[in-house]
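Me: I'm new to this structure, so please take a close look at a single part for me: the charged side chains and how they pair up. Once that part is clear, go on to what else is worth finding in the picture.

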Amino acid sequence: MLKFSQALHLSIGSISSYKLRSALTTLGIIIGIAAVVANVSLGASFNQFFVDELGSQGSNFIVIYSEDINLFYDNQLDVIKNTPKVEGVSPIRQQLAGVTYISTLRQVDIQGTSADYEQIGNIQLEVGNFFSEQDKYAAVLGSDVAYEKFDQKVSYRNSIDIEFIRRDGTPVSRSFKVIGIIDSPDTTFIQSGAESDVRIFIPIDTMNEMLGIEDYGGFSITVEDAESVRPVSDEIDKKIARSLGVSERELDNEDVKPYSIFNQADILDQLDELSAGLTSLFISVALISLIVGSIGIMNIMLVTVTERTKEIGLLKSLGYTRSNILYLFITESIILGLIGGILGTILGFVGSYAAVSFLNLPYIFPTYLLVLGVGIAVVVGLIAGVYPANKASKLDPVDSLRKS
């Protein structure tokens, strides 16, 4: 019986004797494994990026909004406040308005909120403060509005004029003091509520007073913990629907409900599906390289069988059995796969790190990829080597020596 140490020694000797052939054989495996490892790592990094981005917009949030007017009032606000595990709630309203600063007029989205929105929307201020319940004509500007929107930069404590058009077409204008400027957000892909850098925030009571209305456009809500987001969202959905005369059996019919509701858990589920889809696509493409690599190993090993007929005949004349030859060639294929797996995993690690650094993503490299990359390569080497090894083991020693 051929010992493993003997098979290993003979296989390494054969690989060392044909360095170029061995390098070309493993190249396909290296590229395939590198692609698999890099793409799985990139998928994990994108998923973490989405989670971080979503969290930066406020934690454990629920948002309710509607395009209809005269829908949400204080009684809906009270319903939400009295729902168990609701940590904070702010009524919200958004409307385009004319904003004048030093004779420059621009159209800007105005976001009416309560003072609680600073915590609910995870507002980070570069300078100044968010408005309090006592402030009336106070404004907090997004960084793009303050520094890019007008001909001159708007500074902290400057004044701006905001003009709304009421529902009856009447214009109404007031002067607001800038009490805070929001820090420019790092996130770009996901927004749970207002895109804070391109908006102006003012007290919603002041906004409603100027517009001559009492209703709200929606609500932004936070709950106590992540596990409560979905059940609290469902409970609020039922209560709001009931208060608006929508029956419970029609809760899932979006055409019946006059409002929309979404929460952090729903978005995370969608992001998980997106991330899984991207990762599957990347891996599918990478597996093509692995298939090509396995075919390469098989072809080279078949050529090797032809080139080494004399060696095979000599080994058989020395007493090596068919199973010994089979074992020897499979061992050689596995070693080639192992070398390709190790080098491919290293290349995938370096490639994924370079990619996430360029894209400014959090770097996630699951440790199981180390085992996965090498394991796949070994299996590919084993499968690709079976047929050539079987062919080599069947060679007749006399014919092999005669042909050589």
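Reply: Start with Arg93, Arg167 and Asp215, which are linked in a network of salt bridges. A salt bridge here is a side-chain nitrogen of Lys or Arg within 4 Å of a carboxyl oxygen of Asp or Glu. Before we go on, keep in mind that this is a predicted model: local features need pLDDT of at least 70 and side-chain atom pairs count only at pLDDT 80 or more, while totals for chains, interfaces and linings use all residues. Numbering runs from 1 along each chain as its sequence is written, and side-chain values use heavy atoms, with hydrogens and water left out.

Back to the network. In general, side chains of opposite charge can pair when their charged atoms come close. The structure holds eight salt bridges, and one of them joins Asp215 to Arg93, with the closest N and O atoms 3.0 Å apart. Asp215 sits in the loop between α6 (204-211) and β9 (218-223) and Arg93 in strand β2 (residues 86-101), so the pair ties together parts that are 122 residues apart in sequence. (Helices, H or I with at least four residues, and strands, E with at least two, are DSSP runs numbered from the N terminus.)

Are these two partners buried or exposed? Asp215 counts as buried, at 1% relative accessibility, and Arg93 is buried as well, at 9%. Buried means under 20% relative accessible area, exposed means over 50%, and partly exposed is in between (1.4 Å probe, protein chains only).

Next, look at Glu209 and Lys136, whose side chains meet in a salt bridge at 3.3 Å, N to O. Glu209 belongs to helix α6 and Lys136 to the loop between β4 and β5, so this pair ties together parts that are 73 residues apart in sequence. Glu209 is partly exposed at 40% relative accessibility, and Lys136 is partly exposed too, at 37%.

Then there's Arg230 with Asp269, another salt bridge, at 2.6 Å from N to O. Arg230 lies in helix α7 and Asp269 in helix α8 (residues 264-307), so parts that are 39 residues apart in sequence are tied together. Arg230 has a relative accessible area of 32% and is partly exposed; Asp269 gets the partly exposed label at 34%.

While you're at Arg230, follow its helix. Helix α7 covers residues 229-243, 15 residues in all, and reaches 21 Å from its first C-alpha to its last, close to the 21 Å expected. That expected span is 1.5 Å times one less than the number of residues. Its buried residues are Val229, Val232, Ser233, Ile236, Asp237, Lys239, Ile240 and Ala241. Just after the helix comes Gly245, with a positive phi near 85°.

Pick Asp237 out of that list and find Ile80: the two are 157 residues apart in sequence, yet 9.5 Å apart in space, C-alpha to C-alpha. Ile80 is in helix α3 (residues 74-81), and at 0% relative accessibility it counts as buried.

Leaving α3 toward β2, you meet Lys85 in the loop between them. Lys85 has a positive phi of about 75° although it isn't a glycine, and it's partly exposed at 42%. Ser103, in the loop between β2 and β3 (104-113), also has a positive phi without being a glycine, about 70°. Ser103 is exposed, at 77% relative accessibility.

Not every charged residue is in a pair. Asp74, Asp78, Asp116, Glu133, Asp205 and Glu214 form a negative surface patch. Patch members have over 30% relative accessible area and no salt bridge; like charges are joined within 9 Å, and nonpolar side chains (Val, Leu, Ile, Met, Phe, Trp, Tyr) within 5 Å. Asp and Glu count as negative, Lys and Arg as positive, and His and the chain ends aren't counted. Each charge is placed at NZ of Lys, CZ of Arg, CG of Asp or CD of Glu. One member, Glu133, is in the loop between β4 (125-128) and β5 (138-141) and is exposed at 53%.

For a contrast in chemistry, go to the nonpolar surface patch of Leu338, Ile339, Ile342, Leu343, Ile346, Phe349 and Val350, with about 570 Å² of accessible area together. Accessible areas come from the Shrake-Rupley method with a 1.4 Å probe, and for residues only the protein chains shown count as cover. Val350 is in helix α10 (residues 322-359) and counts as partly exposed at 49%.
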